[in-house]
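Please read the points below with the structure open beside you. They go from one contact to the chain as a whole.

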Amino acid sequence: MMNLLRRAVSSSSKRSSLIRIVAVATATSGVVYSTDIGTRISVAIPESIRESKSLLPWWISNGLIHHRPELSLFGNFSAFSARVSPKPEAPEDNNEKRAPVEDSDSVKPPPSGGGFLGRDTIANAAARIGPAVVNLSVPQGFHGITTGKSIGSGTIIDADGTILTCAHVVVDFQSLGQSSKGRVDVTLQDGRTFEGVVLNADLQSDIALVKINSKTPLPTAKLGFSNKLRPGDWVIAVGCPLSLQNTITAGIVSCVDRKSSDLGLRGTGREYLQTDCAINAGNSGGPLVNLDGEVVGVNIMKVLAADGLGFSVPIDSVSKIIEHFKKSGRVIRPWIGLKMIELNKMIIAQLKERYPMFPDVEKGILVPTVIPGSPGDRAGFKPGDVVVRFDGKPVETIKELIEIMDDRVGQRIRVVVERSSKETVTLEVIPEEANPDV
């Protein structure tokens with residue numbers, strides 16, 4: 001075989017026809033092809049190999065791979081060079097000089113969760129999160145008669161045995177009054193089993209915490225930041241679909257702010273991460289993980305009539321819910337009784353075209369409806385108002401407004417609105433606690 005390759009390389013220098021040589025090595029992979037113009041090579045080299053020059057018949061300098069004939073397995077053939085992980089270059093004029101190649105050591109690493117995808121990237125992320133992912137089984141029944149089981153997944157997020165999961169996995173909706181006292185059977189990846197109890201459950205966000213007690217150390221997962229995710233970032237979903245424990249699927253983030261209204265869900269406006277990871281019955285409550293092995297979401301649901309449409313609660317939202325649990329034992333949501341629409345330049349232009357008296361604003365939140373008898377109604381809000389400042393801060397999104405309100409029930413909040421005829425009005429609204437069942 002070696003002689004055959006030598007002959008192939010030798011003969012390639014004697015004729016101008018296209019010859020392709022595919023080289024397979026234990027540590028790297030690449031393709032060599034030769035034309036009349038010259039020889040080119042595309043090579044993928046792990047970082048550990050790049051640091052050891054003696055392992056390959058090449059040496060690396062200034063971001064280029066150079067051939068070392070004295071170490072070549074195929075003898076001495078024409079030298080070559082190729083870029084190592086090049087940055088995309090803008091099209092350039094043929095008369096312009098090519099910019100110097102930037103040294104590979106000065107290239108900044110890709111952002112967390114969305115960088116270079118190597119052979120072991122997903123496997124490494126799965127290995128980090130895997131031990132902390134658990135299988136949950138909850139007996140369900142009616143009037144004390146067990147009728148089946150609810151199967152789901154969860155993630156141990158604290159060494160004290162706190163498990164993050166979905167409310168619909170651990171709450172028996174036919175006996176909600178007993179939900180906080182229900183038994184949860186918990187199975188770890190290492191085979192250990194525990195009996196857990198539901199600490200807190202928020203039905204609106206579908207987030208719950210379960211607690212187990214262990215005399216031996218428990219594996220835990222690290223929480224990341226969902227606000228760093230971008231559409232196209234790689235993620236993995238880990239869980240126990242159909243009770244098949246330790247199941248891992250991979251995909252990309254399709255949308256980072258899919259609104260609940262887009263999915264036909266009622267209640268307070270919420271946003272979800274949309275991914276194309278395979279999610280099935282039993283995945284609910286399991287973690288959505290970035291390539292660093294950090295939890296960036298809680299898998300919550302999928303569209304039954306389609307493939308590749310899964311949704312997760314962003315971990316940033318989950319972290320705030322956990323803070324509410326620790327502070328109040330429940331999630332407190334202020335309510336002011338306003339229907340709201342976020343404005344952008346295109347919507348504003350369309351509204352001004354239809355209604356010449358529409359407020360002269362560039363951004364803000366439109367109030368198309370005020371619920372009679374609500375705190376907003378009592379404060380003096382009118383349909384058509386555009387909220388531009390809330391508690392002294394400029395606002396452009398409903399999410400910003402909700403974050404400013406936080407859990408401030410019963411506290412006065414000053415709101416600046418723009419009305420037709422260039423009228424600016426300052427109102428004071430006192431939020432009430434929202435009905436948790438709505």
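1. Start with the side chains of Ser-284 and His-168, which make a polar contact at 3.1 Å. The model is predicted, and the distance of 3.1 Å for this pair is computed from it. Ser-284 lies in a loop, between strand S15 (271-275) and strand S16 (287-289).

2. Is Ser-284 buried or exposed? Its relative accessibility is 14%, and buried means under 20%, so Ser-284 counts as buried. Leaving aside residues up to four places away in sequence, Ser-284 touches Gly-152, Ser-153, Thr-165, Cys-166, His-168, Val-169, Asn-299 and Ile-300. His-168 therefore appears twice for Ser-284: as a residue it touches, and as its partner in the polar contact.

3. Next, the salt bridges. How many are there? The count comes to 18. One of them joins the side chains of Asp-202 and Arg-333, with N and O 2.6 Å apart. This pair links distant parts of the chain, the two residues being 131 apart. Asp-202 belongs to strand S11 (residues 193-202), while Arg-333 sits in the loop between helix H5 (315-328) and strand S19 (334-335). Both Asp-202 and Arg-333 are buried.

4. Another salt bridge belongs to a network: Arg-183, Asp-185 and Glu-195 are joined into one by bridges that share partners. Within this network, Asp-185 and Arg-183 have their closest N and O atoms 3.4 Å apart. Asp-185 has a relative accessible area of 25%, so it is partly exposed. Arg-183, with 38%, is also partly exposed.

5. Arg-119 and Asp-120 also meet through their side chains in a salt bridge, at 3.9 Å from N to O. The limit for a salt bridge is 4 Å, so the pair is counted. Where do these two residues stand in terms of exposure? Arg-119 is exposed, because its relative accessible area of 77% is over 50%. Asp-120 has 39% and is therefore partly exposed.

6. Now look at the strands S20, S21 and S22. Strand S20 (residues 338-342) and strand S21 (residues 365-370) run antiparallel and are joined by 4 bridges. Across from Leu-338 stands Val-370 in S21. S21 also pairs with strand S22 (residues 385-390), again in the antiparallel sense, over 3 bridges. Here Val-367 has Asp-385 in S22 as its bridge partner. When tracing these strands, keep in mind that in a regular strand the side chains alternate between the two faces of the sheet.

7. On cysteines, how many disulfides does a search of the whole structure find? The search finds 0. Cys-240 has 0% relative accessibility and so counts as buried. Cys-255 counts as buried too, because its relative accessibility is 11%.

8. Last, the chain as a whole. The protein chain has 8 helices and 26 strands. Of its 438 residues, 39% are buried. The accessible surface comes to about 24,900 Å², and 53% of that belongs to carbon and sulfur atoms. Among contacts between residues at least 6 apart in sequence, 53% join residues at least 24 apart.

How values were computed
Residues are numbered from 1 along each chain as its sequence is written. This is a predicted model: local features need pLDDT of at least 70, side-chain atom pairs count only at pLDDT 80 or more; totals for chains, interfaces and linings use all residues. Side-chain values use heavy atoms; hydrogens and water are left out. A disulfide is a pair of cysteine sulfur atoms within 2.5 Å. Buried means under 20% relative accessible area, exposed over 50%, partly exposed in between (1.4 Å probe, protein chains only). Contact means heavy atoms within 4.5 Å. Accessible areas come from the Shrake-Rupley method with a 1.4 Å probe; for residues, only the protein chains shown count as cover. Two strands pair if DSSP finds at least two bridges between them. A polar contact is a pair of N or O atoms within 3.5 Å; within protein, one must be able to donate a hydrogen and the other to accept it, and residues adjacent in sequence count only if both atoms are side-chain atoms.
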